[in-house]
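User: Could you take me on a close look at one helix in this model and its surroundings? I would enjoy a connected walk through the details.

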Amino acid sequence: MKVVKFGGSSLADGVQLNKVLNIVKADKERKIIVVSAPGKRFEKDEKITDLLIKLAMQVHDGLEYTQTLNSIKERYAIIIDQLSLGQEAAELLEGNLQQLLSADYDNFSEQLDAFKASGEDNNAQLIALFFNKRGLATRYVDPKKAGLYVSEDPGHAQLLPESYANLKKLREIPERIVFPGFFGVSKGGKRVTFARGGSDITGAVLANGVQADLYENFTDVDAIYAANPQIIYQPKKIHHLTYREMRELSYAGFSVFHHEALRPAIMANIPIEVKNTNNPASPGTLITKEKPQEANDVTGMATSHGFESIYIAKYLMNEEVGFGSSALEVMAKHGISVEHMPTGIDEMSLVVKENQINNAQEQALLTELKDQLNADDVHRQTNLTLIMLVGEKMATTIGTAAKAMTALADEKIGIRLFNQSSSGISIMFALEEKDEKKAIQALYKAFF
């Protein structure tokens, strides 16, 4: 049995949905189909999810929302017309939207999640109707009926462990199943969404629950690439990744696969395959626990923006027991998550996302760190980009870091921070944002 997830670009219009139908019909093992909301049809188009967020805000603020609502209806109406789904589909959509607008919500967070979730839910119902009209026996199943329970953390739902046992019952349904991605339900019956891009998470959770043989994730690229195609012309395709490599690359900026979606698959050791809806014959990228050893030291590289470092210096820091934990306690008190923590004998840097620290909070945080730690110096460095080099083979290869540093030095690119993971499979360089493109080009040339 396979669980198959299709992203928004794969479901943007009737043309794409016919491709999806053919892909599902081509393999009887593709039993559970997880769908996103319709995505962009062209560069300046709007995603359904973005329109729903806009609609939720207008309704909540008491603003005129007719134009936004009509834009949503028009997108679905075009799909209904392209697929010849008729009046039944139109009435289904209209009823769902009216119910969404007339429902009572305890707060805006609850309302916003309900509106966002409706994009996937409406699409799932229309796709199930479409499949049935084309002769493929299909059943729409919503998260509530399936027992996909999550915490009440709007926009950041966490799966409740009992969900896996509930989802296993989906194996007993004889028809194909179309399941909306991106959200689950709380024990109180409220729809709660995962982080943006969370349909990947839904697919992985279902694959775990039904103990699938494979989780296929269809998107709009032939494979996962070794570097950003917008920076590197025709970068090398990665045909095989380990879970650890994918986790590192997804965290560092790869947008093809949501990094939180790996955990459910890893727990059940389910292979993941990333494939292209527009070119399903392409082999794609397989993600498994282990992979054959490759010739290349580095499997891929990724960048992530919007970081800063908080530099802390104190003479004889290395002899002070608990210094690092004290620094982290201050950060935790301010609700700030630390991404990396490179250290020296008398200094450390706390790498954090810039959006966690506002201007009003900045001076208070720096003052508290200096006072609590009795530090000699505490200051910030902003506008950093993190570049991650990732590869299982790096852990046993001598000279990878030196090779990377030489490539950057040859281009006169300054390295602000450097950190290698304890497992050895990733190296992080922090650079000024202005050097990102030149750095990626230099590193790609050095390793590929």
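**A close look at helix α2**

Analyst: Happy to. Let's start where two helices touch: on the α2 side, Ile48, Leu51, Leu52, Lys54, Leu55 and Gln58 make contact with Thr68, Leu69, Ser71, Ile72, Arg75 and Tyr76 of α3. Sorted by class, the residues of this contact are 7 nonpolar, 3 polar and 2 charged. Please keep in mind that this is a predicted model.

Now for the geometry of the pair. Helix α2 covers residues 48-60 and helix α3 residues 66-82; their axes come within 9 Å and cross at roughly 155°. Angles over 145 degrees count as roughly antiparallel, and α2 and α3 are therefore roughly antiparallel to each other. The crossing of α2 past α3 is left-handed.

Next, α2 on its own. The helix has 13 residues, and from its first C-alpha to its last it reaches 18 Å, close to the 18 Å expected at 1.5 Å a residue. Beyond the helix, α2 is followed by Gly62, which has a positive phi near 70°.

Which residues of α2 are buried? They are Ile48, Thr49, Leu51, Leu52, Leu55, Ala56 and Gln58. Several of these also appear in the contact with α3, among them Leu51, Leu52 and Leu55. A general point helps in reading such a list: an α-helix has 3.6 residues a turn, so residues three or four places apart point the same way. As for what covers the buried residues of α2, the cover includes α3, α4 (86-102) and α5 (108-133).

Since α5 is part of that cover, let's follow it to another partner. Helix α1, residues 14-25, has an axis that comes within 11 Å of the axis of α5, and the two cross at roughly 65°. Here α1 passes α5 in a right-handed crossing, whereas α2 passes α3 in a left-handed one. In the contact itself, Leu17, Asn18, Val20, Leu21 and Val24 of α1 meet Ile127, Phe130 and Phe131 of α5. That contact has 7 nonpolar residues, 1 polar and no charged ones.

To pull the threads together for α2: the helix lies roughly antiparallel to α3, its contact with α3 includes 2 charged residues, and its buried residues have α4 and α5 among their cover as well. If you step through the model with α2 in view, Leu55 is one good place to begin, as a buried residue of α2 that also takes part in the contact with α3.

Methods. Residues numbered from 1 in each chain as written. Predicted model: local features only at pLDDT ≥ 70, side-chain atom pairs only at ≥ 80, totals over all residues. Heavy atoms only, no water. Axes fitted to C-alpha atoms, helices over the stretch in contact; angles between N-to-C directions. Helix = DSSP H or I, 4+ residues; strand = E, 2+ residues; numbered from the N terminus. Parallel < 35°, antiparallel > 145°, perpendicular 65-115°, else oblique. Left-handed = near helix turned anticlockwise from the far one by under 90°. Contact = heavy atoms within 4.5 Å. Nonpolar A, V, L, I, M, F, W, Y, C, P; charged D, E, K, R; others polar. Expected span 1.5 Å × (residues − 1). Buried < 20%, exposed > 50% of the residue type's maximum accessible area, 1.4 Å probe, protein only.
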